Amino acid sequence: MNFLAFDLGGSSGKLFLITANQHKLKISCIHQFKNAPVSINGGLYWDFIHIYDELCTGLRKAVLQTRDNIDSIGFDSFCNDFALIDRKGNLLTPIRCYRDERTARCQEHTYSVMSKGELYTATGNQNALFNTLLQLDAMNCEEQGWLLDQCYHALFLSDLLIYLLTDRLVTEYTTASVSQLYDMIKGDWSDIIYKKYGLRRSLFPPVVMPGINLGDTTEKFDRQIGSHGFSVTTVCQHDTASAFLASVCTEPAAIISCGTWCLVGTEHSAPIISDIAFSGNIANEGGYPGHHRLLRNVMGTWIIQEILRERIAAGESITYAELDEMAAAHTCTEYFIDADNDMFYQPGHMEEKIKSFCRKSYGKEPSDLSETIFCVYTSLVFKYRYSIEKLEELTGHRLPVINVVGGGSKSRLMCQLTADICGRQVLAGPDDATALGNAMVQMLAHGCISTVNEGRKLIQENVSIQTYEPMPDRNWDVLYQQYIEKFYPKG
């Protein structure tokens, strides 16, 4: 069977073709395009028209490559961002990027209505500026609440794409579960949050679970891409949920989905909403049934992406691989950064921000690009270790293996540093974990496989996985403790 997985990230979008035939699994990227927020009048927006156009281009390629033999498609993307539509399905608003500064401007009001502790108790979600709740409250604070009152529905990005292909209005569960609007214990939108923030209960369509066949694409859309049509299936549409599902670990393990964000977590049977979880800002996130996630967000390779983007914009020819090679030859451990500091959240001037942080913290700064990249990598891995230790404290279970999935699994330097600093075996891959997790849910929905573990075994048998063992060539434990004492003195 032929499954399509459309995976939209913060820096690129990709359309994958995954062919499942008995015990064989083949994955190929048949279309890729750049994606980045656009700054307009001080606001950050996604170019959704470009995204939709690139999706159609990719689907036309898929129709030709498969001779119009497509069984299903699933969509996944970053979470929290949404558009508003009217009753006829017309777009009423552009889609704001989660890095837009309006939530920071309005957060004081948001947390005056309900405290961070009250919000955590109600949803189990981490408190973060990118959450959907903060975006909605910012609209009310900045005199845009009338849009929420007058629109027909708000649709998360993947749900909007589904609507444009099928005319079906749904909110997929894994996306809803991280919006800070969803009551994970009750299994529905949170009545108390909607009431407290004056939000219309019908703002978002009803929630559906991943693995539901929504029917075929419309004839109108089929004509647009030159197809006879195919099924659209709800998957784990929050990209992290899809990535975690493709982990090759069937026993308890730490999983790091490494991309623009690095999501450091583990699977658990049920939500844990407690004082310990709240103090560690540990997110409860919905997954495929039986695969609930506990995790912490780390700023991720966003910092590296920004350095690379700015260097290329300045006319320099440089790649990720070259940055890795450059940093691998470096051994400086004189300074580190807190990668989650707010100063690194917004785009622009990233190298200068790193130098400024180091000057303020250590009285000195990286001398060149190689020192800067090595500083970022080691600082990120310190945050991985800190996050894993918090998860172990919360669950009471040792996590002896780390599975790094996503694009970051291709960085040999990052994976070896993770093994060394965390003192654990690292399994690296699959690098296309999000697309494989997306396709796995489609395979479950269409009867190709019966269980998630069967799908994970299929991935392990067909995808290259690299193993990294800890190499005690530096006193990382001492450096890590110094890092914690400097940036997390209260633990």
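The following dialogue sets computed values of a predicted model against the definitions behind them.

Modeller: In this predicted model, local features need pLDDT of at least 70 and side-chain atom pairs count only at pLDDT 80 or more, whereas totals for chains, interfaces and linings use all residues. Residues are numbered from 1 along each chain as its sequence is written, and side-chain values use heavy atoms, with hydrogens and water left out.

Biologist: Why does the radius of gyration of the chain agree with that of a compact globule?

Modeller: The rule for a globule is 2.2 Å times the number of residues to the power 0.38, with the radius taken over C-alpha atoms. For 491 residues a compact globule would have a radius near 23 Å, and the chain has 22 Å, so the two agree. The C-alpha atoms fill a box of roughly 60 × 55 × 50 Å along the principal axes.

Biologist: What makes a residue count as buried or exposed?

Modeller: Buried means under 20% relative accessible area, exposed means over 50%, and partly exposed lies in between, with a 1.4 Å probe and protein chains only. Of the 491 residues in the chain, 60% are buried.

Biologist: Why is Leu294 called buried?

Modeller: Its relative accessibility is 0%, so Leu294 counts as buried. Leu294 is in strand 19 (residues 292–298); strands (E, at least two residues) and helices (H or I, at least four) are DSSP runs, numbered from the N terminus.

Biologist: Which residues does Leu294 touch, beyond those up to four places away in sequence?

Modeller: A contact means heavy atoms within 4.5 Å. Among the residues that Leu294 touches are Val264, His268, Ile282, Asn284 and Leu391. The C-alpha atoms of Leu294 and Asn284 are separated by 5.0 Å, although the two are 10 residues apart along the chain.

Biologist: What makes the approach of Ser379 to Ile337 a polar contact?

Modeller: A polar contact is a pair of N or O atoms within 3.5 Å; within protein, one must be able to donate a hydrogen and the other to accept it, and residues adjacent in sequence count only if both atoms are side-chain atoms. The side chain of Ser379 reaches the backbone nitrogen of Ile337 at 2.8 Å. Ser379, in helix 15 (residues 369–395), is buried because its relative accessible area is 0%.

Biologist: How do you know that helix 6 is mostly covered?

Modeller: In helix 6 (residues 157–166), 9 of the 10 residues are buried, including Leu157, Asp159 and Tyr163. Just after helix 6, Asp167 takes a positive phi of about 70 degrees.

Biologist: Why is a positive phi worth noting?

Modeller: Most residues other than glycine have a negative phi. Asp68, in the loop between helix 1 (48–66) and strand 6 (72–77), has phi near 60 degrees. Glu143, in the loop between helix 4 (132–141) and helix 5 (145–150), has a positive phi of about 65 degrees.

Biologist: Are Asp68 and Glu143 buried or exposed?

Modeller: Asp68 is buried because its relative accessible area is 18%. Glu143 is exposed because its value is 68%.

Biologist: What makes the peptide bond from Gly429 to Pro430 cis or trans?

Modeller: Omega is near 5 degrees, and the bond is cis. Most peptide bonds are trans. Pro430 is found in the loop between strand 21 (425–428) and helix 17 (433–445).
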